[in-house]
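Below are some notes on the model, set out as numbered points. Please read them with the coordinates open.

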Amino acid sequence: MASLCLNSLPVPPSSLPRKPTETSLSSYPSLLLHNNNNNLSDLKPIVVSGDPPTFVSAPGRRILAVGDLHGDLKQARSALEMAGVLSSDGQDLWTGGETVLVQLGDILDRGEDEIAILSLLRSLDKQAKAKGGAVFQVNGNHETMNVEGDFRYVDSGGFDECNDFLEYINGSEDNWEETFTAWVDVSERWKEDRTMSKSYWGPWNLLERQKGVIARSILFRPGGLLARELARHAVVLKVNDWVFCHGGLLPHHVAYGLERMNKEVSEWMRGQHEDDNIHKKPFIATRGYDSVVWNRLYSRDTLDLVDYQDKQVCSILDETLQAVGAKAMVVGHTPQTIGVNCKYNCSIWRVDVGMSSGVLNSRPEVLEIIDDKARVIRCKRDRHSELQAAAYT
């Protein structure tokens with residue numbers, strides 16, 4: 001397929017300077033991610049602000065954005081290998097050095113290896129930090145749905161994995177981090193043992209299905225082990241001059257406060273409001289068509305948006321970016337049948353390509369950002385060719 005290269009596309013001019021309104025790193029508790037690698041590096045340490053992480057200063061780093069994975073471990077590995085951050089020898093080793101990887105949410109549902117992917121990313125984050133890099137995740141609508149107990153889109157294998165995982169952790173004598181990060185290495189064996197069992201009838205085994213539903217409820221309910229794991233991640237993340245979120249950020253989200261939204265979602269997932277008379281659900285971030293995880297304003301074609309025209313959407317996007325002090329936004333959520341692409345003078349990048357076999361089973365693609373230049377990586381053989389690229393000044 002011929003490549004389309006859009007070189008040196010500038011960010012649209014703005015009447016107001018794009019300065020952060022609430023992104024001063026000095027205003028928040030900060031965490032320095034030190035490079036423990038023996039090789040000397042000229043890059044400054046990564047500084048993370050907020051709990052969960054909201055603002056990240058990663059000077060000089062290569063940034064990668066990976067879209068929705070929906071329980072497909074094989075495709076997830078393919079995307080990460082293609083991007084050069086995961087070893088291809090099956091050892092699941094971080095090979096990205098000081099790269100910063102951002103996964104855009106929707107790891108859950110539609111596939112049978114959801115927990116294994118969460119385990120893999122947690123393991124890679126630990127390895128990356130030792131090399132001066134980092135792995136971040138933002139939660140999507142399918143993460144929040146599962147914490148709410150909405151299991152409509154769970155694959156039958158997803159329930160089985162929850163049952164296996166709960167049994168696995170109950171039998172483990174290691175601490176949570178060691179137990180959790182090891183799951184990706186042993187999950188395949190658990191799956192094989194289960195499917196080879198004489199008593200296993202797959203989705204027709206109603207007793208096993210009921211056990212799977214119960215196990216999933218235990219793990220993902222507010223305060224559950226996997227809900228608390230999801231609570232470590234933001235719904236909006238700003239890395240340098242780029243904003244990452246699953247659905248899309250709007251001006252009223254910025255006015256509400258990015259760190260405030262992230263904190264409220266995290267506290268809800270941790271079950272910190274269970275004793276309240278009214279269970280507090282962070283509506284502005286997780287509920288409603290224009291919430292951060294559900295918004296499709298930027299990821300759908302304008303023809304599908306009855307109430308909006310291109311100029312209106314572009315104006316809303318520009319206002320949002322000015323308010324948060326960013327050059328561009330990266331979103332997932334809506335599968336792009338044409339692959340990773342940008343719109344509105346490349347102020348928005350859409351990176352959900354539906355790579356999971358439970359969605360479109362399309363070839364993996366990854367967005368790469370280096371020195372404020374963005375391009376799409378689509379396969380190994382033309383990894384260094386630009387499918388679509390833009391430069392930001």
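1. Pairing of β12. This is a predicted model, and the notes begin with a strand pair. In β12, the residue bridged to A65 is L367. That bridge belongs to the pairing of strand β4 (residues 63–66) with β12, which run antiparallel and are joined by three bridges. Strand β13 (residues 373–377) also pairs with β12 in the antiparallel sense, here over five bridges. I370 has K373 of β13 as its bridge partner.

2. Burial and turn of β12. Four of the five residues in strand β12 (residues 366–370) are buried, so the strand is largely enclosed by the rest of the structure. The hairpin formed by β12 and β13 leaves two residues between the strands, and D371 takes a positive phi near 50° there.

3. Strand β9. Which residues of strand β9 (residues 328–331) are buried on each side? A328 and V330 are buried on one side, M329 and V331 on the other, and both faces of the strand are thus covered. In general, side chains in a regular strand alternate between the two faces of the sheet.

4. Neighbours of β9. Strand β8 (residues 242–245) runs parallel to β9 and is joined to it by three bridges; within this pairing, F244 is bridged to V330. Strand β11 (residues 348–350) pairs with β9 in the parallel sense, over three bridges. There the partner of M329 is I348.

5. Nonpolar core. The largest nonpolar core has 104 residues, and the members that touch the most others are F244, L249, M329 and W349. Helix α2 (residues 114–130) gives the most to this core, namely eight residues. Two of the residues named here also appear in the bridges above: F244 is the partner of V330, and M329 is the partner of I348.

6. Geometry of α5. Does the length of helix α5 (residues 176–196) agree or disagree with its number of residues? At 1.5 Å a residue, its 21 residues should span 30 Å, and the end C-alpha atoms are 28 Å apart, which agrees. The helix nonetheless bends by about 55° at V184. At the start of α5, a side-chain oxygen of N175 comes to within 3.3 Å of the backbone nitrogen of E177.

7. Packing of α5. V184, the site of the bend, is itself among the buried residues of the helix, which also include F180, W183, V186 and W190. The list of buried residues contains K191 and R194 as well. What covers the buried residues includes α1 (73–82), α2, α4 and α7 (225–230). Helix α2 therefore appears both here and as the element that gives the most to the largest nonpolar core.

8. D150. The loop between α3 (141–148) and α4 (156–170) holds D150. Its relative accessibility is 18%, so D150 counts as buried, the cut-off being under 20%. The D150 side chain makes a polar contact with the side chain of R152, at 2.8 Å.

9. K281. Where is K281 placed? K281 is in the loop between α9 (258–269) and α10 (283–286). With a relative accessible area of 39%, K281 is partly exposed. Apart from neighbours within four places in sequence, K281 is in contact with E148, W268 and R287. K281 and T144 are 137 residues apart in sequence, while their C-alpha atoms are 9.9 Å apart in space.

Technical notes. Residues numbered from 1 in each chain as written. Predicted model: local features only at pLDDT ≥ 70, side-chain atom pairs only at ≥ 80, totals over all residues. Heavy atoms only, no water. Core = buried A, V, L, I, M, F, W, Y, C linked by side-chain atoms within 4.5 Å. Buried < 20%, exposed > 50% of the residue type's maximum accessible area, 1.4 Å probe, protein only. Pairing = 2+ DSSP bridges. Polar contact = N/O pair within 3.5 Å; in protein donor to acceptor, adjacent residues only side chain to side chain. Expected span 1.5 Å × (residues − 1). Bend = angle between axes of the 7 residues up to and from the residue. Contact = heavy atoms within 4.5 Å.
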